[in-house]
Each structure stands twice: as structure tokens, then as C-alpha cells.
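Please open the structure in a viewer and follow the selections below in order. Each stop names what to select and then describes what is found there.

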Amino acid sequence: MPKTLKAQELRALAASIFIANGSSAEEAQIVADNLVMANLSGHDSHGIGMLPRYVDAVREGGLTPNAKAQVLLDAGSLLSLHGQRGYGQVVGVQAIDIAIARAQSQGSCIMALAQAHHLGRIGHFAERAAAAGLVSIHFVNVQSRPIVAPWGGGDGRFGTNPICIGVPLPGKAPFVLDFATSRVAQGKMRVAHNKGQQVEPGLLIDAHGQPTTDPGVVVVAQGAGPDGAGLFGALMPFGEHKGSGLAMACELLGGALSGGGTWHRPGDNSRAVLNSMLSIVIDPAKLGTQNSFQSEALAFVDWVKDSPAGAEHAGVLIAGEPERLARARRERNGIELDDTTWQEIAAAASSLGVVLN
Ligand code: NAD
């Protein structure tokens, strides 16, 4: 039976599990709040369903509780940090907050963050920058399993490498474009698999490179590979060769340029998900274009929103709006967890001696 919980209940139970898993109360609350915010935003793929994986990753030593990002280079508007495999929700915020302060004093900042554990929703960082009146661009690579096939390829070669652009809009909520460069996020396949659903054609290939609608091919090992690690199918990149190119750009910028490293080996069974991120943060006020930027951005967004509703659509939404609409709905109605996700969370809790009601 699916279970529906209020956001506050979920935050509290998640925080209690993270504390039992070695986090300080403060860290536990930050990570719990971040995951529940992803659920509230409609992205269950990056919500509380990640908790069992985080518990496993700590147990394996791939995720370090209570770690702080280490500043490797501080050269004014160029910053390089190492995430120390700490919770991305903590070291990522630490890093973006330094970049925000730096963009405010210098006009812009290029911030490289290497080897954080899972950063969750990248939009979280863009929203933080936008709240400070700043534009931000984020390229992220994922080191976990090569789960996305390059355009023209027949097996997974890189991660779901997300890209995100945040633009503040005066008097309005920001434009926050934030998506995986795979056709869908891997976590959405986990959610569909847990619900026993098939997915639409064109999203997946199986472990033999053949198209399939079974999300299980990227969730459950389809046998063992030559090196003993699980054999999986792969997600397709979005936008054919163009999305595939952007996914590679995330690897080259978020992975190679950040110092975090790229993926170039077969998958293994480790549960850690490492993210490295290259963020560019710009202060429009310091660029001298603030007035025209604000009026032109607003005029453009209004112009686009005024488009009449297309066939089978209710009208135009601006990136960031679907998440805000979902938040209002789910704050009111609660967050539904499928049975498998709930059982996995309960098992993770019980492995740490935490009993859930
Ligand atoms: P998605 O396909 O739901 O696309 C989300 C983006 O599209 C958002 O910017 C949203 O506002 C916009 N959008 C959605 N519907 C829209 C509509 N009808 N009109 C206009 N804009 C619309 O997202 P996704 O690819 O499934 O990614 C989900 C989340 O997963 C993101 O937050 C991403 O950062 C995160 N992610 C994280 C990692 C990681 O390793 N940390 C990896 C992959 C994805």
C-alpha cells in the first residue's frame, strides 16, 4: 500500500535515520530538508527514496558524514573546492554560498566543486543564487555507474549528468531550468520500477542494446558483467546527438575541469554517487546591464507566457513553475511513497536500530 506523509513527518523521520547513521543533528536536518524539498518539488527521484542508498554509501565508506568542503584554490573570482565525499546537500551549499558572496563582490565567480557525494536537485543551488539576485549556470557529472548511452552507442558510458540555469526575475519567481541530460532521471526509473510500471518507448535500451520499456533494466542487475559487477541496460540521452553532446560537456566541465574526474571504466557495485560541479555565477548589477536585463527578461517571459495554449496543453509554464506548483500541492496533500520505497526506507532505518511507526 502506498503511504502518504506530511512533509514535516518525513523530514523528522529522515533526520532521525541520518543521525543514527553518524551525522550531526544539524547535518541530518539539512539533508532531510533537501530530500523532502525534492519530493515536494515533484522530483521523487531525488527525494527521500535516496535515503537507503545514502545509508549504504556511508556503510561502504563512499560517503563521509560531517565532512566539510576544503578550499583548494581561492583566487578572487576563481574558486576550487574539494567536497571530501561529504553530503552534497551540505558541501554543495557551502561551496555555492562562497561563490555567491564572491560573485557579489567581484561581479562573477567560476566555482569548481570536486567529489561531493550526491548533490540532489541542482536547482537548489540555482534557487539560492537567484534569491541573491544572481544568474547561475551549473554543469554536473555523476560518478556512480555508466547508465546513459551516448548517441549512436549501445551501452551506458556516462551518468545522467544534470545541467541547470537559474535566472532571477524581478518581482517574480526565478526561471530555473534544471534537468538530467538523459531522457529521464535514473531515479524516475527506480520509482517506476518500484510501482511495477512500464515506461514509454524511446527512453531505454536493455543490457543487449535493444530498446525496451522495462525500467527494471537500469534498476536491477540483468546478470553479471565480465568483471563480476552487475550488468545493466542504459538510459538514452535527451535530444539525440545534441543532448548527448551536452551530457559530454557536463563530464568535460563538471568532471574534468573541476578536478573531480570523469567516468571512463565499467560500472562496479559501489553505492556511492559522486557529483562534481562547475558553477558560473554572475551578478547582473556588476555587469552594468541590470536595468535592461530586468526589463528585457520580464518582457520576454511575459511574451512567452502569453502564447495561447497549444493542443492538449493548459498553457505555457516557465522552467521552475512546475516545481513551485508541485510544492503548493504536496505541502497541502502530503507526499505519497510507493510501498517498495517505504519498505526500503524502513529496512535502512531498522539496520541502524531506528524503528519507524
Ligand atoms: P524534468 O525532465 O522533470 O525537467 C525538469 C525541468 O524542466 C525543470 O526546470 C522544470 O521546471 C522544467 N519543466 C518541466 N515541465 C515543464 C513544462 N511543462 N513547461 C516548462 N518547463 C517544464 O527533470 P529531470 O531531468 O527528471 O531531472 C529531475 C531532477 O533530477 C533535477 O532537479 C536534476 O538536477 C536532478 N538530477 C540530479 C542528478 C545528480 O546526480 N545530482 C542527476 C540527474 C538529475
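Begin with strand β8 (residues 204–205) and β10, which pair in the antiparallel sense over 2 bridges. The model on display is a predicted one. Within this pairing, Ile205 stands opposite Ala234 in β10. Add β9 to the selection: the 3 strands form an open sheet in the order β9-β8-β10, with antiparallel pairing. β9 (211–212) and β10 (234–235) each have a single partner strand and stand at the edges, so one side of each is left without a neighbour in the sheet.

Next, select strand β6 (residues 162–169). Is this strand enclosed or open to the surroundings? Of its 8 residues, 7 are buried, so β6 is largely enclosed by the rest of the structure. Show strand β5 (residues 135–143) as well; β5 and β6 pair in the antiparallel sense over 4 bridges, and His138 stands opposite Cys164 in β6. Then show strand β7 (residues 172–180), which runs antiparallel to β6 and is joined to it by 7 bridges. Here Ile165 stands opposite Leu177 in β7. The two strands β6 and β7 form a hairpin with 2 residues between them, and Gly171 in the turn has a positive phi of about 75°.

From β7, select Lys172 together with Asp302: their side chains meet in a salt bridge (2.6 Å, N to O). Asp302 lies in helix α9 (residues 290–305) and Lys172 in strand β7, so the pair ties together parts that are 130 residues apart in sequence. Both ends count as partly exposed, Asp302 at 32% relative accessibility and Lys172 at 40%. Salt bridges that share partners also join Arg11, Asp33 and Glu331 into one network.

A further salt bridge appears on selecting Arg271 and Asp56, whose side chains meet at 2.9 Å, N to O. This pair links distant parts of the chain: Arg271 is in the loop between α7 (240–257) and β11 (274–282), and Asp56 is in helix α3, 215 residues apart. Arg271 is partly exposed at 30% relative accessibility, as is Asp56 with a relative accessible area of 24%.

Remain at helix α3 and display the aromatic side chains. The rings of Phe18 and Tyr54 have their centres 6.3 Å apart and their planes at 35°, so the pair is tilted. Phe18 lies in helix α1 (residues 7–20) and Tyr54 in helix α3 (residues 51–60), so the pair ties together parts that are 36 residues apart in sequence. Tyr54 also pairs with Tyr87, this time edge-to-face, at 5.8 Å centre to centre with 65° between the planes. Tyr87 lies in the loop between β3 (78–82) and α4 (88–106). Phe18 and Tyr54 are both buried, and Tyr87 is buried too. Together, Phe18, Tyr54 and Tyr87 form one aromatic cluster.

Move to Arg102 and Asp74, whose side chains meet in a salt bridge (2.6 Å, N to O). Arg102 is in helix α4 and Asp74 in strand β2, 28 residues apart. Arg102 counts as buried at 16% relative accessibility, whereas Asp74 is partly exposed at 46%.

In strand β2 (residues 70–75), select Leu72. Leu72, Leu73, Leu78 and Ile110 form a nonpolar patch on the surface, with about 340 Å² of accessible area together.

Finish with two charges placed over rings. Arg145 lies over the face of Phe232, at 3.4 Å from the ring centre. The charged end of Arg265 sits over the ring of Trp263, 4.2 Å from its centre.

Technical notes: Residues are numbered from 1 along each chain as its sequence is written. This is a predicted model: local features need pLDDT of at least 70, side-chain atom pairs count only at pLDDT 80 or more; totals for chains, interfaces and linings use all residues. Side-chain values use heavy atoms; hydrogens and water are left out. Patches are made of residues with over 30% relative accessible area and no salt bridge: like charges are joined within 9 Å, nonpolar side chains (Val, Leu, Ile, Met, Phe, Trp, Tyr) within 5 Å. Accessible areas come from the Shrake-Rupley method with a 1.4 Å probe; for residues, only the protein chains shown count as cover. A salt bridge is a side-chain nitrogen of Lys or Arg within 4 Å of a carboxyl oxygen of Asp or Glu. Rings of Phe, Tyr and Trp (its six-membered ring) pair if their centres lie within 6.5 Å; planes under 30 degrees apart count as stacked, over 60 as edge-to-face and the rest as tilted. Buried means under 20% relative accessible area, exposed over 50%, partly exposed in between (1.4 Å probe, protein chains only). A charge sits over a ring if NZ of Lys or CZ of Arg is within 6 Å of the ring centre and within 35 degrees of the ring normal. Two strands pair if DSSP finds at least two bridges between them.
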